[in-house]
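I opened a fresh notebook page for this structure. Come along and look over my shoulder.

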Amino acid sequence: MGKGKKGGKRMTKKQLAEIIEQYFTTQPGKTLSFKEIFRSLRLDTHPLKMLAIDIMEEMAWDDFITKVSDNSYALNTKGQVQEGKFIRKSNGKNSFIPDGDDKPIFVAERNSMSALTGDRVRVSFMARRQKHIKEAQVIAILQRAKDTFVGRLRVSKDIAFLVPQNDNFVHDVLIPKNKLKGGKDGEKALVRITQWPDAEHRNIVGEVTDVLGQSGDNDVEMNTILAQYGLPYKYPKAVEDAADKITGEITPQDIAEREDFRQTWTCTIDPADAKDFDDALSIKRLDNGLYEVGVHIADVSHYVTEGSIIDKEAVKRATSIYLVDRTIPMLPEHLCNFVCSLRPDEEKLTYSAVFDLDEDAEVRNYRIVHTIIKSNRRYAYEEAQQILEDNGVVDGTGQPAPDPKGRGYKGDYGWEICTLDRLAKKLREKRFKNGAVNFDSEELHFDIDEQGHPTRCYFKRSKDANKLIEEFMLLANRIVAESVGKKQRGKTPKVLPYRIHDNPDPQKMETLREFIAKFGYKVKTDGTKGAMARSINKLLGDVEGKREEKLVQSVALRAMMKAKYSVHNIGHFGLAFEYYTHFTSPIRRYPDTMVHRLLTKYQAGGRSANEKRYEELCEHCSDMEQIAQNAERDSIKYKMVEFMGDKLGEEYDAHISGITSYGIYAEIDENHCEGMVPMRDLDDDYYDFDEKNFLLRGRRHHHKYQLGDPVRIKVAKANLEKRQLDFTLAK
């Protein structure tokens, strides 16, 4: 580098500035003298030294470095060096999210030090010289997010390595031949990293911890999705053995300590294929004309004691995971499907929120008590829905007059189901009047054969029977939260895990407002919570059935914050509740078990729980919920691509569901599968993306592709590995 030359040419000021900048960022906390700088950078001519001094003065003006004395500088670490989380992108445009901030900062691939998504890193910020773009470079990887990865094995005569499932991985992982654990070429495997890149080693080295099996096998692919997210795909035998020892026997003392609902009509309403029934409803007419409705929840905490081997595994999992063709339960099967499950005609221990409701579904009185029940009937949602339809009470129309003796009602326990439905509709009506947001979304479902192969693909929308259950669960969760959280004069509320949902992000609401203005819609971005929620509801109602419906829904959803668990209550914007918790699903969600235990403790006069410990548990449960949702989404994508993989070359009627600068998304009308027509395949013209109006416009022929347009597509490619569908437009 000496003599002021680089690659045979004299060094420019810009080149020298980059070298000096790089040098300072690798020396955080050190005061560097001119002499030391000149020697380290081999600046051995007077012109170069003077140029370096000029550059350092400018860097000091930029606050990139600090002048310590007349002939020494130090990196300005205040604000220039930060710690946080790294996010890797397959296009190399990586980002860094500082602690306590959610605004990403650009990190170029060359400055990433092989950091992976989720890794905790220390970065230094580079001097902003051009375009004022804030840019960071990783100077240390403090903690790896994970050390186990899943992918496909490549095994040859001399070498073996893992091709990771994730596109964003930096390198393939080298595996010594004696660390393959019997894994063969092409098989999916789980690999633990034994050596990360450092100054001496460029490669990532690992060892196989589990061979999942051959690619394409349904069980292998579902386990691959779970392993990719670090989720368990099998249950530890010691935990299952501990669960098998629990008989579920109910003692005379258990009955004596509980309120007895065995003679009160009770039912469960669940999906047809469900086995873990964790909630039941009871109803009876009281002498004073009120309705007593019981929301009875499986008393998991009676069987799973805090700190036990079963409890520790449940904490780790924090939630059940619902893939397309299977459930990965939080609790061992013996507990979730048998001992705790509220199966019909079996006596079960429950924890219940019992309400006295009037005709308008106003809560006149309530109690939260340990109970024993015996369910009279197990309904699938479809069966309960049929009873409602047979009695003409769907959508709030043609409701028969209440009849305590059940005369004139059709179906199995018609009066009970119809009365619960009528009260649920009143609760729902009040909730929306108070400002709840109505995101009534559809869910993609598959029919699966014995080999796990999808045979049918369709959307399911919530019907009245689903909403009936939903409303009573919401009521129980709200009242339980209020019973602990509402301040009594002179008393501090005791610790409880709340389900909280913050107000929409103001910036994202402004983006939504600008976006929908292009389609002629309006939305309130300020004012009271209720006014904002009602405005969002009006928008969702206005776009229903329009070509832009899905896109507007998706942008509106992005403006919403994510619901999460916390002991610090801020209310629930989406539901318009000041107090809300999760109490109704302890078989499949750990926070509900936490709530059950705390309620039991407080009802016995116990002191408030440790806030810090419960907040940490809340954060863990929120994180695990998000990971489980990602895995569930990936299983849906996989099955969608697998379903369409049998139909390559076939043509379908579809409509344009999304438009981007790199192509158009089309959703098949018949089965709702979505794929992309890449821009390169629109070869009849050169198309420009009109971002403002969400359309593609041809330069020569001025043909337009816009949202909602009907198109005829041909299935071109189904990439199971990447879970991507490619379409072409049929000629």
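**Entry 1: a word to settle before looking.** I call a residue buried when its relative accessible area is under 20%. I also remind myself that this is a predicted model.

**Entry 2: an aromatic pair.** With that word in hand, I looked up two rings, and Y351 is buried, as is F583. My search for aromatic pairs gave a count of 10. Y351 and F583 form an edge-to-face pair, with 5.7 Å from centre to centre and 65 degrees between the planes. I found Y351 in strand 22 and F583 in the loop between strand 28 and helix 16, so this pair ties together parts that are 232 residues apart in sequence.

**Entry 3: another ring pair.** I turned to Y687 and Y705, whose ring centres are 5.4 Å apart with planes at 50 degrees, so I noted the pair as tilted. Y687 sits in strand 32 and Y705 in strand 34, 18 residues apart, and the pair links distant parts of the chain. Y687 is buried at a relative accessible area of 6%, and Y705 is buried at 10%. I also jotted down a cluster in which ring pairs link F34, F38 and Y73.

**Entry 4: the nonpolar cores.** Which residues touch the most other members of the largest nonpolar core? They are I269, L331, L335 and F472, in a core of 106 residues. Helix 12, residues 464-485, gives the largest share of this core, with 11 residues. I then listed what F472 touches beyond four places in sequence: L281, V293, V295, L357, L420, L423, A424 and L427. A second, separate core has 26 residues, and it includes Y687, Y705, V711 and I713.

**Entry 5: cysteines.** How many disulfides does the structure hold? I found 0. For C267, the nearest cysteine sulfur belongs to C418 and is 12 Å away. C267 is buried, at 1% relative accessibility. The sulfur of C673 has its closest cysteine sulfur in C457, at 3.6 Å, and I wrote "no bond" because a disulfide needs the two sulfur atoms within 2.5 Å. C673 is buried too, with a relative accessible area of 0%.

**Entry 6: strand 35 and its partners.** Strand 35, residues 710-719, pairs with strand 29, residues 651-660, in the antiparallel sense over 5 bridges. Here I saw E651 bridged to K714. Strand 35 also runs antiparallel to strand 36, residues 724-729, and 6 bridges join them. In that pairing K717 stands opposite D726. Strands 35 and 36 form a hairpin with 4 residues between them, and R723 in the turn has a positive phi of about 55 degrees.

**Entry 7: an open sheet.** I traced an open sheet of 5 strands, in the order 8-7-6-9-10, with antiparallel pairing. Why does one side of strand 8 and of strand 10 lack a neighbour in the sheet? Both stand at the edges with a single partner strand each, so one side of each is left without a neighbour. On average, neighbouring strands of this sheet are turned by 45 degrees against each other, direction ignored. Strand 9, residues 120-125, pairs with strand 10 over 6 bridges, and R120 stands opposite Q143 there.

**Entry 8: one asparagine.** Is N218 buried or exposed? N218 counts as buried, at 10% relative accessibility. I placed N218 in helix 4, residues 218-228. Leaving aside neighbours within four places in sequence, N218 is in contact with D325, R326, Q451, G452 and K639.

Terms used:
Residues are numbered from 1 along each chain as its sequence is written. This is a predicted model: local features need pLDDT of at least 70, side-chain atom pairs count only at pLDDT 80 or more; totals for chains, interfaces and linings use all residues. Side-chain values use heavy atoms; hydrogens and water are left out. A nonpolar core is a set of buried Ala, Val, Leu, Ile, Met, Phe, Trp, Tyr and Cys residues joined through side-chain atoms within 4.5 Å. Buried means under 20% relative accessible area, exposed over 50%, partly exposed in between (1.4 Å probe, protein chains only). Helices (H or I, at least four residues) and strands (E, at least two) are DSSP runs, numbered from the N terminus. Contact means heavy atoms within 4.5 Å. Two strands pair if DSSP finds at least two bridges between them. Axes are lines fitted to C-alpha atoms, for helices over the stretch in contact, and angles run from 0 to 180 degrees between N-to-C directions. Rings of Phe, Tyr and Trp (its six-membered ring) pair if their centres lie within 6.5 Å; planes under 30 degrees apart count as stacked, over 60 as edge-to-face and the rest as tilted.
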